[in-house]
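Here are a few exercises to work through with the model open beside you. Try each task on your own before you read the solution.

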Amino acid sequence: MTREFNEFDTAAMGRALELAQRGLATTHPNPRVGCVIAKRERILAEAWHARAGEPHAEVLALRAAGSAAAGATVYVTLEPCSHHGRTPPCANALIDAKVARVVFAVGDPDPRVNGQGGEALRRANITVQSGLLQAAAEELNAGFIKRMQLGRPWVRIKSAMSLDGRTALASGASQWITGEEARDDVQRWRARSAAILTGVGTLLADDPRLNVRAPEIPFQPLRVVMDSLLRTPPGSRLFDTAGDVLISTTADFAAPETIARAAALEKRGARIECMSRTPRTDLPAMLARLAELEVNEVLVEAGPTLSGELVRQSLVDELLIYVAPRLLGPQARPLFDLPVIEDLTDAQRFEIVETCALGSDLRLRLKPRARP
């Protein structure tokens, strides 16, 4: 399979990736996909997938191109599907349209596809190429890819801290460390996440809603609370906004007081699941359960205990840290609660992949670095 692409190929795939970004907050549990159809280096049609259950990007682009799609090249950010899901196979639609060439950025890791879409196109004598702007396409759908390959969602911890790495005063007061621009940016990251995860300590201290405050967002992410003893108050503001609430607990449901607390929470609309047979929360099991619920990306907005445990167990894929230009002092609360490190070689290491100024604050995006 050749991987030689010309300048127009790269530009067309770049445009397809731009289109796919338009579904950033709306397509889950499906991947974000964009498509461009061109002939003789002239774009005929373009489209993107908007919502699960609605037509895929390839089908929409083919409809826009009409009969002109025959003999054309199709650029799509993900391998065309070859199975009947919520919609018919895109590979069949491309074959029926008699396109000449299909270029996709990255293969679809869904076991129902996983190379079969490309193979179906080749059997129909369509030229198939892949790997163009692959890294960008993988970044766009990192959560979907991880869920399909490893059975876990992409875990992104979001936190705001001072210059000295503190997230709140010793009293717990933390509103607001960062400015309005940074808080608006958090809304965009919430919107692209299928679930927001917090601990009961944060819930009791801050009573957050954890919702997306943007009218154009069609649905709210699942709010997940790690609450081993079912201490979540039924009057929490979580229940005052639209969207589902899932409480992960290890509580003893044989105890009458637990049954009463559970009933009060379920009356407010919470779904309660016991995800561990021991008093200690099984974080890998919890993440596997979220993958079963078709969650691709999880945004963690929690205190140092839960965040630190996720880091300690190497369950974090990305850190989203907002740094405010202020100092809170040594008595203020830390970013992560981690074991004491005796040697610098044992320190958790991260790589900065992006920096962004937001008003007077700075956003850092980091990914774990493998230990040498």
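**Exercise 1. Find which helix supplies the largest share of the lining of the largest pocket, and how many residues it gives.**

Step 1. Keep in mind that this is a predicted model. Start with the size: the volume of the largest pocket is about 1,400 Å³.

Step 2. Go to the centre. The pocket is lined by 48 residues, and those closest to its centre are T202, D206, E301, A302 and G303.

Step 3. List the elements that give at least two lining residues each: strand 6, strand 7 (166-168), helix 7, helix 8 (200-206), helix 11 and strand 14 (333-334).

Step 4. Helix 7 is the one you are after, because its six residues make up the largest share of the lining.

**Exercise 2. Work out which strands stand at the edges of the open sheet.**

Step 1. Write down the strand order. Nine strands line up as 11-10-9-8-12-6-13-16-15, with mixed pairing.

Step 2. Read off the two ends. Strand 11 (270-274) and strand 15 (350-358) each have a single partner strand, so each has one side without a neighbour in the sheet.

Step 3. Add the twist: on average, neighbouring strands here are turned by 20° against each other, ignoring direction.

Step 4. Look at one edge in detail. Strand 15 runs antiparallel to strand 16 (residues 361-368), and eight bridges join the two. Within this pair, E351 has K367 as its bridge partner.

**Exercise 3. Describe which strands helix 7 and helix 11 lie across.**

Step 1. Take helix 7 (residues 180-191). The strands beneath your cursor should be strand 6 (154-161), strand 8 (195-199), strand 12 (297-300), strand 13 (318-323), strand 15 and strand 16. The angle between helix 7 and strand 13 is about 160°.

Step 2. Now take helix 11 (residues 304-312), which lies across strand 6, strand 8, strand 9 (222-226), strand 12 and strand 15. Helix 11 runs at about 110° to strand 8.

**Exercise 4. Decide whether N141 is buried or exposed, then identify its contacts.**

Step 1. Locate N141 in the loop between helix 5 (134-140) and helix 6 (142-150).

Step 2. Compare its relative accessible area with the cut-off. The value is 5%, and buried means under 20%, so N141 is buried.

Step 3. Search for contacts beyond four places in sequence: N141 touches P31 and R32. A polar atom of the N141 side chain lies 2.7 Å from the backbone nitrogen of R32.

Step 4. Check a long-range pair. N141 and L24 are 117 residues apart along the chain, and their C-alpha atoms are separated by 9.2 Å.

Step 5. Look for enclosed space. The whole structure holds one cavity of 30 Å³ or more, and the largest cavity has a volume of about 50 Å³. N141, P31 and R32 are among the residues that line this cavity, including also F144 and N296.

**Exercise 5. Classify T241 as buried or exposed, and find its side-chain partner.**

Step 1. Find T241 in the loop between strand 9 and strand 10 (245-249).

Step 2. Apply the cut-off again: T241 has 18% relative accessibility, so T241 counts as buried.

Step 3. Collect the contacts. Beyond four places in sequence, T241 is in contact with R209, N211 and R223.

Step 4. Pick out the polar ones. The side chains of T241 and R223 are joined by a polar contact of 3.1 Å. In addition, a polar atom of the T241 side chain lies 3.5 Å from the backbone oxygen of L238.

Key:
Residues are numbered from 1 along each chain as its sequence is written. This is a predicted model: local features need pLDDT of at least 70, side-chain atom pairs count only at pLDDT 80 or more; totals for chains, interfaces and linings use all residues. Side-chain values use heavy atoms; hydrogens and water are left out. Helices (H or I, at least four residues) and strands (E, at least two) are DSSP runs, numbered from the N terminus. Buried means under 20% relative accessible area, exposed over 50%, partly exposed in between (1.4 Å probe, protein chains only). Contact means heavy atoms within 4.5 Å. A polar contact is a pair of N or O atoms within 3.5 Å; within protein, one must be able to donate a hydrogen and the other to accept it, and residues adjacent in sequence count only if both atoms are side-chain atoms. Two strands pair if DSSP finds at least two bridges between them. Axes are lines fitted to C-alpha atoms, for helices over the stretch in contact, and angles run from 0 to 180 degrees between N-to-C directions. On a 1 Å grid over the protein atoms alone, a cavity is a set of points where a 1.4 Å probe fits but cannot get out, and a pocket is an open set with protein on both sides within 12 Å along at least five of seven lines; lining residues have an atom within 4 Å of a point. Grid points are joined across faces, edges and corners, and a volume is the space filled by probe spheres set on the points.
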